[in-house]
Each structure stands twice: as C-alpha cells, then as structure tokens.
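Hi there,

Here is the structure I promised to pass on to you. Have a look at it first, and then read on for what turned up in it.

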Amino acid sequence: MSVVLGIETSCDETAAAVVDDRWRVHSSVVESSIDQHHHFGGVVPELAGRAHVTTIVPVVRAALESAGLDVGHPAIDAVAVTAGPGLIGSLLVGLAAAKAYALSWDVPLLTVNHLEGHLFAPLLETPDLAWPVLTLLVSGGHTMLVYQRGPGVHEVIGETIDDAAGEAYDKVARWLGLGYPGGPPIDRLAGAGDASSLVLPVSMTGEDLDFSFSGLKSAVVRAGEKRPDLAHADIAAAFQRAAVEQLTRKLRRALERYDVAGVAIAGGVAANSALRAAVIDLATEFGVVAHVPSLAMCTDNAAMIAAAGLSHLTRGSLGRLDASADPNWSLADVS
Ligand code: KG4
Ligand code: ZN
C-alpha cells in the first residue's frame with residue numbers, strides 16, 4: 001500500500017493530509033487565513049503568503065500525528081504538493097516545504113495541479129466510483145466542464161471565457177457589502193429572497209460548453225442601481241438563480257453529448273445549496289450517479305492533492321527537486 005502526504009497552499013488555506021492508494025483519508029488538516037482577508041473583499045496575496053510561512057510546519061505535523069505517523073520519520077512513500085495555479089508567493093511556501101520534507105525523508109516529490117486535485121475530491125468520498133464522469137469544476141478562479149475517463153485521465157470540454165462563477169459571487173457580495181468570500185452569504189440570503197423580483201439575462205445560451213459570468217455581475221449592479229428599493233435578499237436570489245441556471249444548462253448539454261456513469265461537482269462553488277440540488281435533479285433525469293462532495297471536500301484541502309499525487313506515483317510521474325511553481329498552470333496542460 002502506498003501512502004502520500006499532500007500539501008496545499010495555493011490560496012488562503014494552509015493544508016496537509018495523508019491519503020493511501022485505496023483513496024482512504026488518514027488525516028486532513030486545514031488552517032485558513034480567511035479572517036485576515038474578509039474586509040478587503042478578496043484574498044490579499046502578501047498576507048496569505050506570510051500566514052503560510054507560520055502555519056505550514058504545525059499543519060504538516062498535525063496531519064502526520066493525526067494519521068498516527070512518526071513526525072520525524074513518517075512511513076510515507078512520497079510528498080505531493082500544489083505547484084499551480086494560484087498565488088505565487090503562497091505556492092512557493094508549500095513547494096519549498098514539500099521539497100525539504102522529500103529531501104530529508106528521502107522520498108519522491110510529486111507536483112500537482114490544483115485543479116486536477118479538485119477532480120479527485122469525489123473519488124475520496126466514493127472510492128468505487130464508476131467512470132466516466134462529467135465534472136463541473138467551479139471555484140473562485142476557475143469554471144470548467146471536464147470529461148474524466150478515469151483517475152488522472154481527463155479532457156477540458158468547456159471553460160469560462162471571462163470571470164469564474166465564484167468570482168461573480170465574490171464581486172456581487174462585495175457590491176452588497178457582504179465581505180469575502182461572497183458565496184456563503186449570498187447563498188444564505190438567496191434562500192430568503194424572491195428570485196422573480198428581478199429579471200436577469202442568462203448568458204451563453206449557444207450550443208458550446210463555455211461559460212461567461214462578467215455580464216451577469218454587471219447586470220446585477222446596473223439593476224440594483226436603477227432600483228434602489230430592491231431588497232438585498234431578492235437581488236441575491238435573482239443572481240443565484242441566473243448563475244445556477246447557466247451552470248446547469250451547460251451541464252445538461254454536456255450530458256446530452258457524453259455517455260457517462262456519473263456527474264460530479266467540485267471546487268468551492270460546489271458548496272452552493274441551489275447548485276447541489278440542481279445537479280442531483282439533473283443526474284436523476286439522466287439516470288446517472290450524482291457525486292456531490294461534502295462541503296469540506298468542495299473547498300480547498302490537501303487530501304485531494306495527495307490523491308492526485310497518488311495517481312502520479314502509480315504512473316511513475318515524479319516531480320523534480322528543481323521544479324518551480326506556475327501561478328497560471330492550466331489543467332489542459334496536465335496529461
Ligand atoms: O475552490 P475554492 O475553495 O478556492 C479556489 O480554488 O478558488 O473556491 C472558493 C470560491 C469563492 O469564490 C467562494 O465565494 C465560493 O467558492 N463559494 C461559494 C459557496 N461557498 C464558497 N459560492 C457559492 N455558494 C457557496 N455556498
Ligand atoms: Zn480550489
């Protein structure tokens with residue numbers, strides 16, 4: 001049995017986890033500097049990088065300890081680390097730490113794409129998952145549709161042409177004065193609002209599988225300025241309905257074209273209550289399995305990075321100790 005330590009520091013979460021090749025999570029520790037960013041309307045890269053420097057060692061120790069491993073010389077087979085995409089200063093902290101651990105324990109380094117990590121989250125909760133799977137990967141920086149033939153074998157079949165879905169949530173929340181991250185408060189507010197009080201355009205109604213969210217965000221701001229009487233809850237409800245409608249419309253189109261055993265959602269926006277419900281309905285309609293991960297597995301964590309690393313280890317695709325981080329590393333470039 002192979003066991004991998006995963007390290008994730010691409011944004012505001014400092015995370016470490018231990019996972020084995022049967023996709024069992026032995027430990028998963030996540031520390032976030034989110035409270036330091038709340039008032040700035042987004043993650044401040046400088047603050048995030050500094051926070052990783054102080055938390056990385058305690059977080060790795062906690063992950064090893066809670067997996068029952070010797071902190072000095074753990075019985076692990078490799079160290080997997082996120083090498084991009086993400087904030088460069090944050091990525092470099094995790095990468096440098098992972099190199100030091102790999103060197104001192106004399107095990108291979110595995111450099112993982114953060115988005116590939118997200119694709120492994122459903123597998124960690126359903127280890128006997130049937131392939132192929134269509135995954136809607138929706139986070140603060142990315143929105144894409146991915147056709148997965150098996151673990152680590154994927155093809156990007158649709159992508160946002162401008163903002164990511166999470167970015168639209170964060171921008172609308174900032175405009176409503178709800179702080180960062182914007183997804184959770186908008187999701188909560190939307191539950192108390194009337195979506196029909198504001199008609200918003202649904203973007204990207206064409207046949208392709210791409211997305212666009214910048215027009216929706218601008219339409220919300222324009223409508224809100226024109227009608228200052230509108231309640232925030234109604235604005236949130238109308239925005240959420242339009243955003244989820246665009247996501248599910250494209251997912252439906254992909255399900256019509258691709259013969260799959262399951263459909264999955266991954267990334268921070270997969271925590272959204274309306275999206276989760278819509279994807280479960282869609283899966284029932286198409287007779288496929290819905291993989292809707294727990295909230296902790298939707299947002300950034302290191303178990304998904306360790307899992308992606310395990311698939312690299314199995315293939316013999318090892319990282320190099322002179323590897324650098326790439327803040328713009330595209331999932332399409334991961335084979
Ligand atoms: O995957 P993630 O943790 O970090 C990135 O890799 O970007 O995603 C964070 C994003 C943020 O934009 C946040 O507002 C959004 O996920 N998010 C949500 C919800 N919870 C988090 N968006 C909509 N509804 C939610 N409940
Ligand atoms: Zn993420």
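Which polar side-chain atom lies 3.1 Å from a nitrogen atom of ligand 1? It belongs to Asp 187. Please keep in mind as you read that this is a predicted model.

Let's stay with the ligand for a while. Besides the contact to Asp 187, two contacts involve oxygen atoms of ligand 1. In one, a polar backbone atom of Gly 183 is 3.0 Å from an oxygen atom of the ligand. In the other, a polar side-chain atom of Asp 300 and an oxygen atom of ligand 1 are 3.2 Å apart. How much of ligand 1 does the protein bury? On its own, ligand 1 would expose 560 Å², and the protein buries 89% of that.

Now for the surroundings. Ligand 1 takes up the space of the largest pocket. Three elements each give two or more residues to the shell around ligand 1: helix H4 (114–125), helix H5 (165–175) and helix H6 (183–190). There are 20 residues around the ligand, and those that come nearest are Gly 140, Asp 170, Gly 183, Gly 268 and Asn 272. Gly 183 is thus a name to remember, as its backbone also makes the 3.0 Å contact described above. Sorted by character, the shell holds 12 polar, 5 nonpolar and 3 charged residues.

Why does ligand 1 lie between domain 1 and domain 2? Both domain 1 (3–120 + 297–333) and domain 2 (128–295) give residues to the shell around the ligand, so ligand 1 lies between the two. Try colouring the domains separately to see this for yourself.

Finally, some backbone details to look for in the loops. The peptide bond from Gly 84 to Pro 85 is cis, with an omega near -10 degrees. You will find Pro 85 in the loop between strand S4 (78–84) and helix H3 (88–105). Another cis peptide bond joins Trp 131 and Pro 132, and its omega is about -5 degrees. Pro 132 sits in the loop between H4 and strand S6 (133–138). Then there is Trp 23, which is not a glycine and yet has a positive phi of about 65 degrees. Trp 23 belongs to the loop between strand S2 (13–20) and strand S3 (25–32).

Enjoy exploring, and write back with any questions!

Best wishes

Technical notes
Residues are numbered from 1 along each chain as its sequence is written. Chains are lettered from A and ligands numbered from 1 in the order in which they are written. This is a predicted model: local features need pLDDT of at least 70, side-chain atom pairs count only at pLDDT 80 or more; totals for chains, interfaces and linings use all residues. Side-chain values use heavy atoms; hydrogens and water are left out. A residue is near a molecule or strand if one of its heavy atoms lies within 4 Å of it. A polar contact is a pair of N or O atoms within 3.5 Å; within protein, one must be able to donate a hydrogen and the other to accept it, and residues adjacent in sequence count only if both atoms are side-chain atoms. Accessible areas come from the Shrake-Rupley method with a 1.4 Å probe; for residues, only the protein chains shown count as cover. On a 1 Å grid over the protein atoms alone, a cavity is a set of points where a 1.4 Å probe fits but cannot get out, and a pocket is an open set with protein on both sides within 12 Å along at least five of seven lines; lining residues have an atom within 4 Å of a point. A molecule sits in a cavity or pocket if more than half of its atoms lie within 2 Å of its grid points. Helices (H or I, at least four residues) and strands (E, at least two) are DSSP runs, numbered from the N terminus. Ala, Val, Leu, Ile, Met, Phe, Trp, Tyr, Cys and Pro count as nonpolar, Asp, Glu, Lys and Arg as charged, and the others, Gly among them, as polar. Domain bounds come from an automatic or database domain assignment.
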